[in-house]
There are 2 protein chains.
Amino acid sequence: MNLYQLRYFTTLAETNHFGKAAEKLCIAQPSLSHAIAQLEAELGVVLFERKNRSSSLTKEGRQFLSYVEKALEILDSGIQTMERISHGEGVIELGFLRTLGISFIPELAADFLREQKDKSIRFEFHSDTSQPLLQGLKEEKYDMVFCTKIDSEKSIEFIPVSKQDLVLIVPRAHPLANRYTVDLTETLPYPHVYFAENSGLRVVIDQLFDKIGKRPQIAYEIQEDQVIAGLVAQGFGIAVVPYMEELLRLNVKIIQISYPYWERNFYMATLKGHYLPPAVQKFKQFVIEKHSL
Amino acid sequence: MNLYQLRYFTTLAETNHFGKAAEKLCIAQPSLSHAIAQLEAELGVVLFERKNRSSSLTKEGRQFLSYVEKALEILDSGIQTMERISHGEGVIELGFLRTLGISFIPELAADFLREQKDKSIRFEFHSDTSQPLLQGLKEEKYDMVFCTKIDSEKSIEFIPVSKQDLVLIVPRAHPLANRYTVDLTETLPYPHVYFAENSGLRVVIDQLFDKIGKRPQIAYEIQEDQVIAGLVAQGFGIAVVPYMEELLRLNVKIIQISYPYWERNFYMATLKGHYLPPAVQKFKQFVIEKHSL
DNA sequence: TATTTTGATAGATTTTGTCTATGTCGTATG
DNA sequence: CATACGACATAGACAAAATCTATCAAAATA
């Protein structure tokens, strides 16, 4: 049994006429006769009543038709879906760090969509910390994630796309406010608004202070970097935070940290050697060409 | 696209290994590779991730698989149904006159089923009058009907299978009770229990009385011949009814009608030159061989 | 009875599914 | 580090089958 026979069958069932159906199918009439005869032989059932003026489905033919129509309908919608995907349509499951969700990812996605006029690509956005993101990537929950690098992951391809410095922010009226750079040791006399335990950056900043062998006084512990910045602006303390555009709009002074040096790199991560759906492949190419460092 | 490719696809999706799947499918491994490659080319989508140790479905592959599995399941159940029908299984839609439903049809069906040990043939029974039965036959509502003949129906094949006499029944204590035959004229002095207007036999018996130029006195009008017989047994009148076995068990005397002569023939009717499902064909053959007159 | 219509049949041709043999790539192994 | 092996792809030959054109047979129409 073959698909084309089933397609011929449904067409013939519509027209009830071998000649007309063959014409509709763009084949010769004997081909259709042959195909239907073969189908009937295989099923052991007569599907059409060949009458003098026209043909018509038998009882079994009608019964079989209902199965075939349903099956073909499902199959065709599957084929259609695949063809849409192959033409670049599709959903890109994007994972990223919360920090990147503020401006980098939205701008990147918007840029990409602007360039892809006719294609209908949708993004699904998922923010999390690096560990779960990479786990999700390996489980194919995400097509692509933007996060920090973990060197032990041999099966993942990392392409650098963005970096972020850590800066000190202080209220405008603070003693350190007119400095351009500071050594982290100089911040120790002042109470800090600090990242909370469960925040991704807590570990990083702890390590930074470990390099100078001291920990700061902690006035408040907060998860969100934006909240930290807000508290600093209101004079609740000083803080080490990743640089973000938003800081410029707040009532804080931004000061470079001269020592210890630290730079945080962000990477686009995909499974190494793994097939990427066309839409994802396009997006990856776009990021490499326009936004990689 | 071909059916076999879809079947290969589902098998490969189960094993995730070209070699193993090919073995399961009883084909060579390159054939499978070729078939899948062709499917992928046609859909424009990569369905399998070929990895070093084993293969696995891509995201699109999983999506397509769900469609294909559903479609094949429906198609296969359709094929199975057809194959069962071709092996003689099936439902026979049987239409017949109510009269025949008392003993003739049940006995015929039981005889047939007794002879068809392993086959699972079921009957659907529908009783009606001749006109609607033949109409239903032409509309393929019934596969076969048992009724009286209508000569104008050129598209229907009638095969005689049973006949039935009209007899006079009277209560045991009736003046006519010890007669063996009567002329219908002799029944006119006595009140009749008569078939109602909408009964199939009313016309027939009216015509019978028209032959002697008179109509009887009507005491009661009833549709069902068995109810008529019951009323006669209880002394409500006399009646002309078709002969049935049941009459022997009632408290009535059965008397032949010597004049006018009348005989009612019953026929098995099928659409002329029309394809019959195997189960129906078998039953028709059985009736012709064992029960036709 | 001749003609038209409809579908089946026959034989040639082309397509395509399947096979065997071999190649390539990447991983394990000595 | 080279070799062997496992897993899939590729190439070319062969066989099966789907399509075509031409023709036939049966039934209905004129």
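A polar contact is a pair of N or O atoms within 3.5 Å. The exercises below apply that cut-off to a predicted model.

**Exercise 1. Find the polar contacts to DNA strand C made by Phe18(A), Gln29(A) and Tyr8(B).**

Step 1. Start with the backbone. A polar backbone atom of Phe18(A) lies 3.2 Å from a phosphate oxygen of DNA strand C.

Step 2. Go to the side chains. Tyr8(B) places a side-chain N or O atom 3.0 Å from a phosphate oxygen of DNA strand C. Gln29(A) reaches a base instead: an N or O atom of its side chain is 3.0 Å from a base nitrogen of DNA strand C.

Step 3. Place these contacts among the elements. Two or more residues of the surface near DNA strand C come from each of α2 (18–25) and α3 (29–43) of chain A, and α1 (3–15) and α3 (29–43) of chain B. The largest share, 4 residues, belongs to α3(B).

**Exercise 2. Describe the protein surface around DNA strand C.**

Step 1. List the nearest residues. There are 21 residues around DNA strand C, and Ser33(A), Arg50(A), Tyr4(B), Ala28(B) and Ser31(B) come nearest.

Step 2. Ask what part of the strand is approached. Sugar and phosphate make up 80% of the DNA strand C atoms that come within 4 Å of the protein.

Step 3. Sort by class. The surface near DNA strand C has 11 polar, 8 nonpolar and 2 charged residues.

**Exercise 3. Find the phosphate contacts of DNA strand D made by Ser31(A), Phe18(B) and Gly19(B).**

Step 1. Take the side chain. An N or O atom in the side chain of Ser31(A) is 2.7 Å from a phosphate oxygen of DNA strand D.

Step 2. Take the backbone. Polar backbone atoms of Phe18(B) and Gly19(B) each face a phosphate oxygen of DNA strand D, at 3.1 Å for Phe18(B) and 3.4 Å for Gly19(B).

Step 3. Assign elements. At least two residues of the surface near DNA strand D come from each of α1 (3–15) and α3 of chain A, and α2 (18–24) and α3 of chain B. The largest share, 4 residues, is from α3(A).

**Exercise 4. Describe the protein surface around DNA strand D.**

Step 1. List the closest residues. DNA strand D is surrounded by 22 residues, with Tyr4(A), Tyr8(A), Ala28(A), Asn52(A) and Ser33(B) the closest.

Step 2. Split the strand atoms. Within 4 Å of the protein, 81% of the DNA strand D atoms belong to sugar or phosphate; the rest belong to bases.

Step 3. Sort by class. The surface near DNA strand D divides into 11 polar, 8 nonpolar and 3 charged residues.

Technical notes:
Residues numbered from 1 in each chain as written. Chains lettered and ligands numbered in written order. Predicted model: local features only at pLDDT ≥ 70, side-chain atom pairs only at ≥ 80, totals over all residues. Heavy atoms only, no water. Near = heavy atom within 4 Å. Polar contact = N/O pair within 3.5 Å; in protein donor to acceptor, adjacent residues only side chain to side chain. Nonpolar A, V, L, I, M, F, W, Y, C, P; charged D, E, K, R; others polar.
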